[in-house]
Structure formats: structure tokens, C-alpha cells
Amino acid sequence: MDKYVIRGGRALEGKIAVHGAKNSILPILAASLLNCSGEPIRLKKVPHLHDVWAMLEILSKLGARVAHDGPDILLDTANVKCDQVPEALMREMRSSIFLMGPLLGRLGRVRVCYPGGCAIGERPINLHLEGLQALGAAVEERGSYIEARGRLRGAAITLAYPSVGATENLMLAAVTARGETVIRNAAREPEIIDLQNFLIKMGARVTGAGSPVITIKGGRDLHGGQYRTFPDRIVAGTYLLAAAITRGQVTVEEVVPEHLGALIRVLQKTGADLAAGDTVITVAGGRIKAAPRVDVHPYPGFPTDLQPPLVAYLTLADGTSTVIDHVFKNRFHHVQELRKMGARISLQGHQAVITGVSELKGAAVEAADLRAGAALVLAGLAARGETAVAGIKHIERGYEELPRALGLLGAKIERVAAVPGEGVRL
Ligand code: UD1
């Protein structure tokens, strides 16, 4: 198994720019299916991530033409006729569920396999399916497959929970529906605004993203155009926490500080110095104070995707911290691995109680999911000795060349490939 090998204990120093947001580019790639005009879409500076390649492969299988032009991707989806997402690819990437909305809207039918649970716990899709039904689709679940059919018409939908994926899926379906759709209790994450901005660029009429009420006036033909997503706020947050846990000083560039308000507040309360400009944030770490209570909630609350890196950071705090994840209640795979490095964490329901220790020690650990992997890398950067993080395929779903990026800041981190037949070379 390929690994990251980290020699810890160095304070990170320097400047680092953030790549485009994974959680924006994925729904935007799905949204490209709504363009039947024959005019290409140019997506600028697309991050090199496993999930992006997987989504592009799905789009190709559906009949899209995909071309690379330096860091940009050109997409022509005029000839998409296939209404079935290949099962293996669908299972590989759960977020392919939001292909349902645009395919159903465009072709009048869609068949996908059930994406199932995943490492961070149950991830139901009831809100996606109920929303599509409200838009007039007939939805049938047959074993592990879901089929949806019908011509869509605008509707009023109130989500029982502000699910990011369901909000995006329904926005995409509603663009094709005749009449007006209003989504209430919509997710307010910046990635929803990114999707709205992209749809408007392609000719759609969408307003309200970033607020709990999104209005879509559907039925317009969309066209091509150019777009560049927001920077990845979770990657930016990971870099800030990497600087703070190693007590270094790092300037993170090409960020939107406003998207990181909840993390900035926690870093300040726990003793880090922060300064934010229009598109940069500088953090200087010192002794880490405990955070008596951090509640993880949908945006603008503290993001669940930064909960594992935050837990890693608080393992070195003076005193006891509590982190409660109200979004994904079982997202604590990093805890048992952090314990192998000397962390003292107990799990009580969906909260982690972290008793700070004076140091972490290097160990062989394994990432079970993307952000758990980021947490282990952060712990490895701060730990005494060598940490080998296995399961890095998860990390590479969402972080572009993480060893190179952290290496620019002075970290000693290397990607070590498994040699076939020889086991792992360390
Ligand atoms: C997206 C992000 C993911 C992030 C999550 C929460 C992408 C590609 N992924 O995932 O990185 O961790 O938002 O910020 O953007 N739920 C239901 N029924 C549904 C849908 C969701 O009960 O039909 C529940 C989930 O179980 C979970 C909560 O809603 O407890 C949040 O899920 P959701 O916002 O949908 O997350 P994703 O869109 O899957």
C-alpha cells in the first residue's frame, strides 16, 4: 500500500496557495450535463484530484467529450444520451448521486445504483429522492438500483435538513423543470453559491444561494462558458491547522477568509494569532489552549470536514476539549489511529473528549477516509519521530499533491510507493 512517511517535529513556515474546491467542482461537472448547446464549457484551473478524474470518467461514459488544456478542462456534453451511470464508478464516488438531477432533467429518465454507506457513516439519499418526486419524477427503488422518470415541473420543496448534496441535486433538476422551484431550508455552504454562479454563467435563472431559500426559474436552454471555482476552504483550513499544530507561521494565499470564519474563531480562542486580508490568512501558532466545546454544524457552523483535523490539533492542547459532530455523528475513525500516536481521546456518543498530551509520537497509522487521513498527516507533522500514514488513496481524493504542498512549508513528508512483490519500502 502506498504511504506518506512523515518525520515530524518541524514548525511549518512560509506561504502556500490553495487549489480549487473539490466540493464545488464535482457538482459543477455534473451541472455541465445541462448544456446541450454544443458550445464548450471551460473550467479553469481544475484541481488534480482522484474524485475529479472519477467524475470526468463518468461524464465520458455518458457521452461527453472531455479535453485537457493545461490546467483547464473543456467539456462538450451535447451528445450525452446515456441515462445510466456505470455501477463501478457510482460506487467509487458517492457524490455521483447528484448526477441524478441533471440526467433526469435532460433525458426524462435516469438509472443509478444505490451509493450505499461510506466510511464516515450512514449517508442516506431520502432528501434527494423526495425532492425529485416533488418535482414530478416517478422514483422506483429496485434492489440496489434507483430509477427516476418523468418531465419535471417547478415545485415548492422544504428540505427536512439542509443537505448540501440534496440542495445541489435539486437545483440542477429544477433548472430543467418548467416553472419556478423554491427550495427552503437549503444548505448555505459556499459551494452552493459557486454552483449558482456557474449556472447563471450558463444562462440559468437562480437566486438566493447562500441563504436558506433558493429560487430557480427553470426551462431555459443553457449554453457554454468559462468558470473558475472558489478556493477549497477545507484544504485552506487544513493548512492553517497544520501551521498551528506545529507552532509555525504560515500565510495561506488565494483563500476567501469569510468562508473560514468558524475555524478562525476556534484558532483564535485556542491561542493562535491570525491576520486576514482580502484573499490571505496568516496564522502563527503557539501553545495550544483547550477548546471547552466546539459544535460542528452546517455552514456557517464549524465544518464537519475540518472536525478530524481539529481533533488532531486539540490532542496537543493544555487541558480538555470537547468536539461534537452534529452532521456526521459517526465520523470518528481518526480517533483510534490518533490514540496509537499517544493521543488521549474518549468517544461519548457523537462527541470526542480530548485530554491534551504534551507530545505525540510517530506510529504506523491508516486513513479510513479523506479527512481522517488529513488529521493523521497533521498529527504526524507535530509528532516526535516517524509516522507512516497508509490509506492515502482517500487523502488523494481531496488534496492535490499534499506532500509537495507541505514540503514547500518545510515539512519532511514523502510519498512512498509500494513496490509490487516486495511489500512496502519504508
Ligand atoms: C457534502 C460534502 C462533504 C461534507 C458534507 C457536509 C460534497 C461532495 N461532499 O456531502 O464533504 O462533509 O456535505 O458538509 O460536497 N442526509 C440525510 N438524507 C439525505 C442527505 C443527507 O439524512 O438525503 C444527512 C446525512 O446523513 C448527514 C447530513 O444530512 O448526516 C449532511 O449530509 P449532506 O449535507 O447531504 O452531505 P453530502 O452532500 O453527502
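Glu57 is partly exposed, with a relative accessible area of 39%, and its side chain meets that of Lys61 in a salt bridge, with 3.4 Å from N to O. This pair is a good place to start looking around the structure, which is a predicted model. A search of the whole structure finds 21 salt bridges, and a few of them are introduced below, followed by the chain as a whole and a look at one helix.

**A salt bridge within one helix**

- Glu57 and Lys61 both belong to helix H2, which covers residues 50-62.
- The two are four residues apart, so about one helical turn separates them.
- Lys61, like its partner, counts as partly exposed, and its relative accessible area is 49%.

**Salt bridges between separate elements**

- Asp83 pairs with Arg109, and the closest N and O atoms of this salt bridge are 2.3 Å apart.
- Asp83 sits in the loop between strand S5 (72-76) and helix H3 (87-92), while Arg109 is in strand S6 (residues 109-113), so this pair ties together parts that are 26 residues apart in sequence.
- Is Asp83 buried or exposed? Asp83 is buried, because its relative accessible area of 14% falls under the 20% cut-off.
- Arg109, on the other side of the bridge, is partly exposed at 32% relative accessibility.
- A network is also present: salt bridges with shared partners join Asp2, Glu396 and Arg415.
- Another salt bridge links Asp69 to Arg42, where the closest N and O atoms are 3.0 Å apart.
- Asp69 is in strand S4 (residues 65-69) and Arg42 in strand S3 (residues 41-43), so the bridge connects parts that lie 27 residues apart in sequence.
- Asp69 is partly exposed, with a relative accessible area of 38%, and Arg42 is partly exposed as well, with 21%.

**The chain as a whole**

- The chain contains 14 helices and 25 strands.
- Its radius of gyration is 22 Å, close to the 22 Å that the globule rule gives for 426 residues, so the chain is as compact as a globular protein of that length.
- Along the principal axes, the C-alpha atoms fill a box of roughly 60 × 50 × 45 Å.
- Of the 426 residues, 56% count as buried.
- Among contacts between residues at least 6 apart in sequence, 73% join residues that are at least 24 apart.

**Surface and charge**

- The accessible surface of the chain comes to about 16,600 Å², and carbon and sulfur atoms account for 48% of it.
- How many positive and negative side chains does the chain have? There are 50 positive and 42 negative ones, and the centres of the two sets lie 2 Å apart.

**A look at helix H11**

- Helix H11 spans residues 333-340, and its buried residues are His334, Val335, Glu337 and Leu338.
- What covers these buried residues of H11? The cover includes two helices, H10 (307-314) and H12 (370-382), together with strands S19 (344-348) and S21 (364-366).
- Just after H11 comes Gly342, which takes a positive phi of about 100°.

Definitions and conventions
Residues are numbered from 1 along each chain as its sequence is written. This is a predicted model: local features need pLDDT of at least 70, side-chain atom pairs count only at pLDDT 80 or more; totals for chains, interfaces and linings use all residues. Side-chain values use heavy atoms; hydrogens and water are left out. The radius of gyration is taken over C-alpha atoms; the globule rule is 2.2 Å times the number of residues to the power 0.38. Buried means under 20% relative accessible area, exposed over 50%, partly exposed in between (1.4 Å probe, protein chains only). Contact means heavy atoms within 4.5 Å. Accessible areas come from the Shrake-Rupley method with a 1.4 Å probe; for residues, only the protein chains shown count as cover. Lys and Arg count as positive and Asp and Glu as negative; His and the chain ends are not counted. The place of a charge is taken as NZ of Lys, CZ of Arg, CG of Asp or CD of Glu. A salt bridge is a side-chain nitrogen of Lys or Arg within 4 Å of a carboxyl oxygen of Asp or Glu.
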